[in-house]
Amino acid sequence: MLAAYFIILLGIGYYGYKQATSNISEYMLGGRSIGPYVTALSAGAADMSGWMIMGLPGEVYTTGLSAAWLAIGLTLGAYLNYFIVAPRLRVYTEKAGDAITLPDFFRNRLDDKSNVIKIISGAIIVVFFTLYTHSGMVSGGKLFDSAFGLNYHFGLILVTVIVIAYTFFGGYLAVSLTDFFQGVIMIIAMVMVPIVAMLQLSGLDTLSQAADLKPTNLDILKGTSVVGIISFFAWGLGYFGQPHIIVRFMSITHVRKLKTARRFGISWMAISLIGAVFVGLTGIVFVRDQGVALKDPETLFILMGQILFHPLVGGFLLAAILAAIMSTISSQLLVTSSSLTEDFYKLFRGEEAAKKRQKEFVLVGRLSVIVVSVVAILIAWHPNDTILNLVGNAWAGFGAAFGPLVILSLYWKGLSRTGAVSGMLVGAIVVILWIVFIKPMGDYNDFFNLYEIIPGFIASWVVTYVVSKMTRKPNHDVEQEIEDVKSTLKEVK
């Protein structure tokens, strides 16, 4: 089953290579020709990595239904992202010099001829995505260790090599199509496992049994603290600043297709997350009834799949986990590669070289995929944290650094380059300082356990606004651009 799955992915990679890799725009953004359904599932699969199938069920298994606040916050955040960011970003990035990366858009939007904002935002993407990518690789290593009893490092390398292969050759189109394929597998798995588990146990009474084992298991307001609930809910803030997700909005064929993408994508996401929560809840009773030892709660889905189903179906479920892992890794690799190529190499070679030597830039993009992968493997070689925490740190870094800047750049005429740079840096720095210095004090006061995206996002927004007010110079071109974007969106409606 897994061998067939790998062959399909490589076949899609070859198709992407033949169809859309002739220039840097095609390789990095699919030539802005991606349909709404592929866009929706690509955004969802790129977002819902191994943490949805492994991390979230493990968190529900450990803390109870209160962990569902994470799913609620993410669904609401993704929904708002489709309204607040998606339409304007699709239109504005094309008007602003046909930008194909987020740093490129920031540079064009703020008319930054010094390229300072492009370099800084590109550096943030490279650093945080390298850390983010390694969390997916850790998921892959854990999968092979838990499901097959194989060496963690073998799984780490195998998953990475497969992802590199189809990303290296097929670029954005291949990544988007594999995400669609993987998204279908993921939703089937997340619906099938909890339903079959409940049928084998006691039907709906399974949930009552989970509550009998520990009353907080079915209490969404208990099992964690107020700070914990706020922190789970605040994950939704991160969507406004995730480059690997919002780049999907930039690649869709037309802005009017976003309505279809939103309905399809949010439905997929809600069903998948509900399934993940129920895997965790049914798993509480399942593990007790089976009398098995669950050393790592994040391997709950793997354990249930191995016991509940025929090996052939179990192989399909393992493919679902690989789908979740690989879809996110490939998206992150491509965005990081885009940044290294567009935001750094292009500055070194110059705009004219970029226009004349498209194949050279595509090659650099491909080589960047390999470089980032190698660095991420080295970081993942000795994992020392849970998948959910690894993802949470990187998610907060992007959400705080880019979220306020993305929204303000799309809506506010008063944004200045100095304000944008200051807010972006402050957001990233506050997140890092909170993780390193504040969170360790959580044992003394629960407030210090607050998810780092909250102070980072607030600090970034305030600094961006205040500094922009102090440094902004009137720019009639920007004012006209924003009005043009608004007019275009009114015409579409």
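**Figure 1. Arg-90 and its partner in helix α6.** In this predicted model, Arg-90 counts as buried because its relative accessible area is 5%, under the 20% cut-off. Its side chain meets that of Glu-94 in a salt bridge, with N and O 2.8 Å apart. Glu-94 is partly exposed, at 41% relative accessibility. Both residues belong to helix α6, where they sit 4 residues apart, about one turn of the helix. An α-helix has 3.6 residues a turn, so residues three or four places apart point the same way. The pair shown here is part of a wider set, as the structure holds 9 salt bridges.

**Figure 2. The loop between α6 and α7.** Asp-98 is found in the loop that runs from α6 (86-95) to α7. Look at its backbone here: phi of Asp-98 is near 55°, a positive value in a residue other than glycine. Most residues other than glycine have a negative phi. Asp-98 is partly exposed, with 36% relative accessible area.

**Figure 3. Helix α7, a mostly covered helix.** How many of the 8 residues of helix α7 (residues 102-109) are buried? The count is 7, and among them are Leu-102, Pro-103, Phe-105 and Phe-106. Charged residues are buried here too, including Asp-104, Arg-107 and Arg-109. At the start of the helix, a side-chain oxygen of Thr-101 comes to within 3.1 Å of the backbone nitrogen of Asp-104.

**Figure 4. Asp-111, just after α7.** Asp-111 lies in the loop between α7 and α8 (116-148). As with Asp-98 in Figure 2, whose phi is positive, the phi of Asp-111 is positive, near 50°. Asp-111 forms a salt bridge with Lys-113, and their closest N and O atoms are 3.0 Å apart. Are these two partners buried or exposed? Asp-111 counts as partly exposed at 45% relative accessibility, while Lys-113 counts as exposed at 69%.

**Figure 5. A salt bridge between α19 and α20.** Here Lys-439 and Glu-452 form a salt bridge, with their closest N and O atoms 2.8 Å apart. Both residues lie in the loop between α19 (417-438) and α20, so the pair ties together parts that are 13 residues apart in sequence. Glu-452 is buried, with a relative accessible area of 0%, whereas Lys-439 is partly exposed at 29%. Elsewhere, salt bridges that share partners join Asp-104, Arg-107 and Lys-118 into one network.

**Figure 6. Helix α3, checked for length and cover.** The 12 residues of helix α3 (residues 36-47) should span 16 Å at 1.5 Å a residue, and the end C-alpha atoms are indeed 16 Å apart, which agrees. Most of α3 is covered, with 11 of its 12 residues buried. Among these buried residues are Pro-36, Val-38, Leu-41, Gly-44 and Asp-47.

**Figure 7. A nonpolar patch on the surface.** Ile-72, Leu-76, Tyr-79, Leu-80, Phe-83 and Phe-233 make a nonpolar surface patch of about 490 Å². Which helix gives the largest share of the patch? That is helix α5 (residues 68-84), with 5 residues. Leu-80 lies in this helix and is partly exposed, at 34% relative accessibility.

**Figure 8. Confidence along the protein.** The mean pLDDT of the protein is 84, and 91% of its residues reach 70 or more. Confidence is highest in helix α20 (residues 453-471), at a mean of 96, and lowest in helix α16 (residues 351-356), at 60. Where pLDDT is low, the predicted coordinates should not be read in detail.

Key:
Residues are numbered from 1 along each chain as its sequence is written. This is a predicted model: local features need pLDDT of at least 70, side-chain atom pairs count only at pLDDT 80 or more; totals for chains, interfaces and linings use all residues. Side-chain values use heavy atoms; hydrogens and water are left out. pLDDT is the predictor's confidence in each residue, from 0 to 100. Helices (H or I, at least four residues) and strands (E, at least two) are DSSP runs, numbered from the N terminus. Patches are made of residues with over 30% relative accessible area and no salt bridge: like charges are joined within 9 Å, nonpolar side chains (Val, Leu, Ile, Met, Phe, Trp, Tyr) within 5 Å. Accessible areas come from the Shrake-Rupley method with a 1.4 Å probe; for residues, only the protein chains shown count as cover. A salt bridge is a side-chain nitrogen of Lys or Arg within 4 Å of a carboxyl oxygen of Asp or Glu. Buried means under 20% relative accessible area, exposed over 50%, partly exposed in between (1.4 Å probe, protein chains only). A polar contact is a pair of N or O atoms within 3.5 Å; within protein, one must be able to donate a hydrogen and the other to accept it, and residues adjacent in sequence count only if both atoms are side-chain atoms. The expected span of a helix is 1.5 Å times one less than its number of residues.
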